[in-house]
Amino acid sequence: MNSSWKKYELIFLGIYGVAFYIIIICRSLQLSHDHLGRLFGLRRGWIANLPNDLSDSQWRNFRGNLPVLTLVMAIFILVANILRAKYCLKLKGMSIVWLSLSLSYLSYLHGACVIFIISIASANFFLVKIFSQSKYFLLMLWIFNIFVHLGNRVYEGYSFSIFGQNLAFLDNYRGTFRWHICFNFVILRMISYGYDYYWAQQDSCFDQKKHIHRCHICSSGKICYLLLQERSVDIDKFSLRIYLCYLVYAPLYIAGPIISFNAFASQLDIPQRNYSTKQVVWYGFRWVLSLFLMELMTHFFYYNAFATSGMWKQLSPLEVSIIGYGVLNFIWLKFFLIWRYFRFWALVGGVETPENMPRCINNCYDLESFWKNWHASFNKWLVRKLISWAWLTCLFFIPEIIMKSAVNALQAKDAFREFVLRELNAVTGAITITCLMVANFAGYVVGPSGVKWLISRFLQKDGLPVLGGMFATFYLGTKLMFHIRDARQRSFLKVNPKT
């Protein structure tokens, strides 16, 4: 494609994007003002005497506990880093320090229920150690953890009185947070430990030398997360102490991100070096700016309150589209803030974890990139309430597969074919984003019972133009993402010319 044409196209797309967001902001402000008295979940705010949308319980709890979490984080990091520096602690020493601090934190959260956590974790540990040589080991590992998960849910974290009236008094000391909710992530770590221990006793299929040669991070003398994850640690590191430290490590205990046992144990000896102190500070500062952005959103735009209050039935198709788009952005920013807070905590402590959301949701134009840039492990637990959202997402993957197959059959051998290929990719992206929007309307705004209403509403006379406008906007938005992707690729190649 001619470079001058790309330049003019980028200018047009930029102008359109600015106009689009001006319209979205203005209509959102008007909607929030007009329906203020009929929305649920609004609380007294601190910006311009406006109400604050705290209708989402997960965000409300995280935001309300942020001061306490930050105090715990400061104490944890200060004590751990001082002891590491003063006594030159390595694997054994740091595992004792982190385990002690983490168990103190868990005692505050769960009280006497820490006994359940340690008991179940210990049972999984001995299962792995005893049966890892069995050909049915992986099946046993999964069955055990599935039954643990089901038992936790059915009995809602158990009662001490089940195990005898002599222990019933412990039910008065269950802490401030339900332990079996956090244990979903612990189960994933228990499975990871089992797999890593099993693979450590097998011949590794991971070609470390080949990876280091190809990876621009490893070839520069650093160690990328993939290498930390795939390179097995010594068998003696699969001890009960390090295992428990891995399961209850405070920064990652409540919400992740999920990290493999290999990657965690490797960083007990040598703290992460991929992020400099300056980069970690900048990471934290960006998080503070994102928190302020969320505060602005919840004070001026009451997207989630519209969804929880059922107000969408009284809105026009255009207004439903705006609310649905706003809810999707609110949910993304909520998880972004929660996961990056705990990842920042881990980074300051010297542990690198995967980035749950490396890309903004508005910069994902296909399902493949959507899932690569979303916390997949969290979705495994989320879809049980949002089953219609999960089914629709899977169903809408079919058009993308068909379009990608057609696009791949057309090779860009000249300027014309490159243009056609780019247009087909943009159409594919528009279809996918439209389908994702419909799926998220069903999952987060109208609910399963409102899917029929949603379809009939958008197929009416006043709904079809809105649907067409959404598709055109997503088509142009996808082309703008192409320009962003191309710019990043050029920047990456300048820094890493050998890649």
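The legends below describe close-up views of a predicted model of the protein.

**Figure 1. Overall architecture of the predicted protein model.** The fold comprises 22 helices and two strands. Of the 499 residues in the protein, 49% are buried. Among contacts with a separation of 6 or more, 76% link residues that lie 24 or more positions apart. The exposed surface amounts to about 25600 Å², and carbon and sulfur atoms contribute 65% of that area.

**Figure 2. The largest nonpolar core and the surroundings of phenylalanine 264.** The largest nonpolar core contains 123 residues, and the members touching the most other members are Phe62, Trp98, Phe183, Met190, Phe264 and Tyr341. Helix H15 provides the largest share of this core, with 21 residues. With neighbours within four places in sequence set aside, Phe264 is in contact with Trp98, Ile242, Cys245, Tyr246, Tyr249, Ile259 and Val351. Trp98, one of these partners, is itself among the core members that touch the most others.

**Figure 3. The cavity lined by residues of helices H13 and H15.** One cavity of 30 Å³ or more is counted in the model, and the volume of the largest cavity is about 30 Å³. The lining is formed by Tyr283, Arg286, Trp287, Ser290, Phe336 and Arg340. Helix H13 (277-300) and helix H15 (317-348) each contribute at least two lining residues. The largest share, four residues, belongs to H13. By class, three of the lining residues are nonpolar, one is polar and two are charged.

**Figure 4. Asparagine 152 in helix H6 and its contacts.** Asparagine 152 is located in helix H6, which spans residues 137-154. Its relative accessible area is 2%, below the 20% limit, and asparagine 152 is therefore classed as buried. When residues up to four places away in sequence are not counted, asparagine 152 touches Ile120, Gly157, Tyr158, Trp179, His180 and Phe183. Phe183, one of these contacts, is also a member of the largest nonpolar core.

**Figure 5. Tyrosine 158 in the loop after helix H6.** Tyrosine 158 is found in the loop between H6 and helix H7 (179-200). Although tyrosine 158 is not a glycine, its phi is positive, at about 70 degrees. Tyrosine 158 is also one of the residues touched by asparagine 152.

**Figure 6. Alanine 123 in helix H5 and its distance to phenylalanine 144.** Alanine 123 belongs to helix H5, residues 114-131. With a relative accessible area of 34%, which falls between the 20% and 50% limits, alanine 123 is classed as partly exposed. Alanine 123 and phenylalanine 144 are separated by 21 residues in sequence, and their C-alpha atoms are 9.4 Å apart in space.

**Figure 7. Cysteine 88 in the loop between helices H3 and H4.** Cysteine 88 occupies the loop that connects helix H3 (66-87) and helix H4 (91-110). The phi angle of cysteine 88 is near 50 degrees, a positive value in a residue other than glycine. Cysteine 88 counts as exposed because its relative accessibility is 59%, over the 50% limit.

**Figure 8. The cis peptide bond between glycine 256 and proline 257.** Glycine 256 and proline 257 are joined by a cis peptide bond, for which omega is about 5 degrees. Proline 257 lies in the loop between helix H11 (250-253) and helix H12 (261-269).

Key. Residues are numbered from 1 along each chain as its sequence is written. This is a predicted model: local features need pLDDT of at least 70, side-chain atom pairs count only at pLDDT 80 or more; totals for chains, interfaces and linings use all residues. Side-chain values use heavy atoms; hydrogens and water are left out. Buried means under 20% relative accessible area, exposed over 50%, partly exposed in between (1.4 Å probe, protein chains only). Contact means heavy atoms within 4.5 Å. Accessible areas come from the Shrake-Rupley method with a 1.4 Å probe; for residues, only the protein chains shown count as cover. On a 1 Å grid over the protein atoms alone, a cavity is a set of points where a 1.4 Å probe fits but cannot get out, and a pocket is an open set with protein on both sides within 12 Å along at least five of seven lines; lining residues have an atom within 4 Å of a point. Grid points are joined across faces, edges and corners, and a volume is the space filled by probe spheres set on the points. Ala, Val, Leu, Ile, Met, Phe, Trp, Tyr, Cys and Pro count as nonpolar, Asp, Glu, Lys and Arg as charged, and the others, Gly among them, as polar. A nonpolar core is a set of buried Ala, Val, Leu, Ile, Met, Phe, Trp, Tyr and Cys residues joined through side-chain atoms within 4.5 Å.
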